[in-house]
Amino acid sequence: AGTTNQVRLPNNSAYLFKATVISNVTGGGNTSAWKLEGAIKRGANAASTAIVGSVTTTVIAADAGASTWTLTATADTTNGGLAVTFTGQLATTIRTVCQIRTTEMTY
């Protein structure tokens, strides 16, 4: 996680976010797809960044072999943004892509 690969909020702002994520084992193996929806806000500085309420995570589709894979969205209070974290399985190459759309309000 860093300042170049996250949705970072400016000070005194709030964002609605909708993310779609797809993960696939190299070579066309197990696959899983999710949708994340929620809101995040940031006050006077990065440390004040917080998720509003809870994030809704929906599994759209998943192979049985992907049943242990997880996806989370949290507030990154170091970089002041939204962190989306994927956890797969040991000794397996899994490629993951995330698209995030935001509706933004800064005051």
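**Close-ups of a predicted model**

**View 1. Ser32, a buried residue in strand β3.** Let's start with Ser32, which has its place in strand β3 of this predicted model. How buried or exposed is Ser32? With a relative accessibility of just 1%, Ser32 counts as buried, because anything under 20% falls in that class. Leaving aside residues up to four places away in sequence, Ser32 touches Val21, Ile22 and Ser23, along with Val59, Ala61, Ala62, Ala66 and Trp69.

**View 2. The salt bridge between Glu37 and Lys18.** Staying with strand β3, we come to Glu37, which lies in this strand (residues 31-42). Side chains of opposite charge can pair when their charged atoms come close. Here Glu37 forms a salt bridge with Lys18, and the closest N and O atoms are 3.9 Å apart. Lys18 sits in strand β2 (residues 13-25), so the pair ties together parts that are 19 residues apart in sequence. Both ends of the bridge are partly exposed: Glu37 has a relative accessible area of 27%, and Lys18 comes in at 45%. How many salt bridges does a search of the whole structure find? The answer is 1.

**View 3. An open sheet with three strands.** Now for a sheet. Strands of a sheet pair through backbone hydrogen bonds, either parallel or antiparallel. This open sheet has 3 strands in the order β1-β6-β5, and the pairing is antiparallel. Which strands stand at the edges? They are β1 (7-8) and β5 (70-76); each has a single partner strand, so one side of each is left without a neighbour in the sheet. Zooming in on one pairing, β1 and strand β6 (residues 81-87) are joined by 2 bridges. Look for Arg8, whose bridge partner in β6 is Gly81.

**View 4. Asn79, in the loop between β5 and β6.** Where is Asn79? You'll find it in the loop that links β5 and β6. Even in a loop, Asn79 is buried, with a relative accessible area of 15%. Its side chain makes a polar contact of 2.8 Å with the side chain of Asp76, and another, of 3.5 Å, with that of Gln6. Gln6 also turns up among the residues Asn79 touches, a list that leaves out those up to four places away in sequence. The others on that list are Ala1, Gly2, Thr3, Arg8, Arg42 and Ala46. Arg8 may ring a bell: this is the residue with Gly81 as its bridge partner in β6.

Technical notes:
Residues are numbered from 1 along each chain as its sequence is written. This is a predicted model: local features need pLDDT of at least 70, side-chain atom pairs count only at pLDDT 80 or more; totals for chains, interfaces and linings use all residues. Side-chain values use heavy atoms; hydrogens and water are left out. A salt bridge is a side-chain nitrogen of Lys or Arg within 4 Å of a carboxyl oxygen of Asp or Glu. Helices (H or I, at least four residues) and strands (E, at least two) are DSSP runs, numbered from the N terminus. Buried means under 20% relative accessible area, exposed over 50%, partly exposed in between (1.4 Å probe, protein chains only). Two strands pair if DSSP finds at least two bridges between them. A polar contact is a pair of N or O atoms within 3.5 Å; within protein, one must be able to donate a hydrogen and the other to accept it, and residues adjacent in sequence count only if both atoms are side-chain atoms. Contact means heavy atoms within 4.5 Å.
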